[in-house]
Each structure stands twice: as C-alpha cells, then as structure tokens.
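Please open the model in your viewer, show the ligand as sticks and the chain as a cartoon, and keep the selection tool at hand. The tour begins at the ligand and then moves out to helices and loops.

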Amino acid sequence: MLLTRTIAETRAVIADARTQGKRIGFVPTMGYLHEGHLKLIDIAKGHSDFVVVSIFVNPTQFSPTEDFAKYPRDFERDRRLCESRGTDLIFAPEVSEIYPERSLITLQIEKLADRLCGMRRPGHFNGVLLVVSKLFNIVQPNVAVFGQKDAQQLTIIKRFVQDLNFPVRIIAAPTVRESDGLAMSSRNIYLSPEQRAQSTVLYQALQRAKTLIEAGQRDAQKIVLEMQQLIATASEAKIDYIEIVSVSDLQPVKRLDGERQVLIALAVYFGRARLIDNIVLKIS
Ligand code: AMP
C-alpha cells in the first residue's frame, strides 16, 4: 500500500496506475476509520482495480463553533485498517496542501441544502463540495463511494456530479451499524458509557417510524411525534431535528400517500456528540 502527502505525488502514482489500464476507485474520508468506512473500501474494490482512500479532516466544512480541532484522529490505526482491506493508496494531505490559501470560489447549493443538516450547519455543504471537487480533480476517479448514513451529502454529491459533468460514477453504500443498531460514526467516541447506552433510541425511533408506516400511517407529523416521544425517553438526548422528506429533492412531506420513497432523517445531540441517522422507505 502506498501513502502520499502531496498532490503532485498522488497524481503521479494514480497516472501510473491508469497507464496500466486500471480503473480508479475513490473513498473520501475524514479518518478515524470504522467498519462503515471499510465497507466503502470493499465496495470500491468491487468496482475498480486501484482504490484510493483520502484521509483529510476538511476545515471548510466545520463552522467555528464545531469540533474541527477536537475531531478524533489516529493515523497509524487508519493506515493499518486501510492496508487490511486492500487499499492501494492512502492520500493524507496536510491542510496547507489542500488549502495553500483561502479559496475565493464558493459552491452554493440551491434547495437541497435548505433543510436537515444544511439548515443547522450553514455553509457545511459548501465546504463539502469544495473539498470533494478538489479531491475529484486530484484523484480523477472512475467511481467514488459515499455512505447512505450521510443521506443529504449523498444526494447533494450525486446532483453536483450531474450538474457539473464530473466524469465520476457515484456509488451509495448502505449504513453499517453496531449490533444494537447505532450507526457507526467517528463521533461515537465522544459518547460517555451512559450516552452510548441511550443512543440506541435513534435507530429504535427509525424502526418505530417504519412499523407505523407499514401499518398504514401516512401522516408525517404523527410519525414524527411518536419518534420524538421515543427519543425523549433517553434523558441525555436533545433532538436537533426529525424530518420526513422526499428522497428526490429533500423537500418536506406532509402526507406520505403521494410519495414513492421517503427519507426519514434525524440528528440528536448526546452531550457534545451530534449523531445523525436515517432510513429510506418505499411507500406501497
Ligand atoms: P466521514 O469520515 O465521516 O466523513 O465519512 C466518510 C464516508 O464514510 C462518507 O461517505 C460517509 O457517509 C461514510 N460513512 C460514515 N459512517 C458510515 C456508516 N456507518 N456506514 C456507511 N458509511 C459510512
């Protein structure tokens, strides 16, 4: 497995792989890897011949009050995990390599960033798109894999690639969970044992919504109310949002009757950890 720190080295290594006729698969991450990330690597391997994993905590997607400085980092562990899953190249640049100076270009997203995490984290998705476009231009992958866990990010990136004609196929990877249902996240490390025990309410609330919908409930407000009540049983939980939106444009849904598929998404604070999760449900 190769490791590069600069854009020039990365381009040279990947150009070499490409001249050998290899298709490039790409998994962008912020490191502190877990089984969810490793699944993305497996999927990338299944769709390409040379897998590049980037490890870069991107400052432009954090607001000044968020956890950029405290975001967990353990490069040696990440390196071992990447190697164990057959990664070909880790690209782990310094911030100064990606942002030698402040970018004067910003990418604005209409509509898709108005709700859910975009509404609570202004500028977050602009920062995500800035770094993803830089990384796509450096790696020039044939395919790139993103997790369904960050459903809004996935929707925005798919649309971004389509709108700006990036020659990259975006592949969605299902959410990997702990055995009790908690979606794996680098931020789960912030949870105290008590908060970790209570955090299973997120998945339970999503499952409750599924059960209600399967039983015929079509009123979004009623479903959200039941989810709120369930999450309120966890004393340390503070709900940021629970929303039911249309999968295609992320706009809120009042009644589910007219929809083919809905995204049920939530964000809940446990102490300083802000956890997100979601499910996509077909409406029959
Ligand atoms: P992050 O390092 O948190 O920026 O995540 C990097 C990529 O891994 C993103 O595409 C995430 O959606 C994906 N990811 C994070 N957690 C999970 C998970 N539990 N299951 C599947 N994909 C995940």
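## At the ligand

Select Val176 together with the ligand, and you will find a nitrogen atom of the ligand 2.8 Å from a polar backbone atom of this residue. Bear in mind throughout that this is a predicted model. Keeping the ligand in view, add Asp150, where an N or O atom of the side chain is 2.6 Å from an oxygen atom of the ligand. Then add Met30, which, like Val176, takes part through its backbone: one of its polar backbone atoms is 2.9 Å from a ligand oxygen. If you now switch on a surface for the protein, consider that the ligand on its own has 480 Å² of accessible area, and that the protein covers 92% of this.

## The shell around the ligand

Next, widen the selection to the shell, which comprises 17 residues, and pick out His37, Gly147, Asp150, Val176 and Met184, the ones that come nearest to the ligand. Coloring the shell by class gives 8 nonpolar residues, 7 polar ones and 2 that are charged.

Which elements each supply at least two residues of this shell? They are β2 (24-29), α2 (35-47) and β5 (143-147), and of the elements that contribute, α2 gives the most, with 3 residues.

## Two helix pairs

Leave the ligand and select residues 201-214, helix α9, with residues 220-232, helix α10; their axes are 9 Å apart, and the two helices pack at an angle of about 150°. Because of that angle, α9 counts as roughly antiparallel to α10. Turn the view until one helix lies in front of the other, and the crossing of α9 with α10 can be followed as a right-handed one.

For the second pair, select helix α6 (residues 124-139) and helix α7 (residues 151-163), whose axes come within 11 Å and cross at roughly 50°. With such an angle α6 is therefore oblique to α7, while the crossing of α6 and α7 is right-handed.

## Two loop residues with positive phi

The last stops concern the backbone, and a general expectation helps here: most residues other than glycine have a negative phi. Select Tyr32, in the loop between β2 and α2, and check its phi, which is near 50° and thus positive in a residue that is not glycine. Then go to the loop between α7 and β6 (169-173), where Asn165 is found; although Asn165 is not a glycine, its phi is positive, at about 55°.

Note on methods:
Residues numbered from 1 in each chain as written. Predicted model: local features only at pLDDT ≥ 70, side-chain atom pairs only at ≥ 80, totals over all residues. Heavy atoms only, no water. Near = heavy atom within 4 Å. Polar contact = N/O pair within 3.5 Å; in protein donor to acceptor, adjacent residues only side chain to side chain. Areas by Shrake-Rupley, 256 points an atom, 1.4 Å probe, with all protein chains shown as cover. Helix = DSSP H or I, 4+ residues; strand = E, 2+ residues; numbered from the N terminus. Nonpolar A, V, L, I, M, F, W, Y, C, P; charged D, E, K, R; others polar. Axes fitted to C-alpha atoms, helices over the stretch in contact; angles between N-to-C directions. Parallel < 35°, antiparallel > 145°, perpendicular 65-115°, else oblique. Left-handed = near helix turned anticlockwise from the far one by under 90°.
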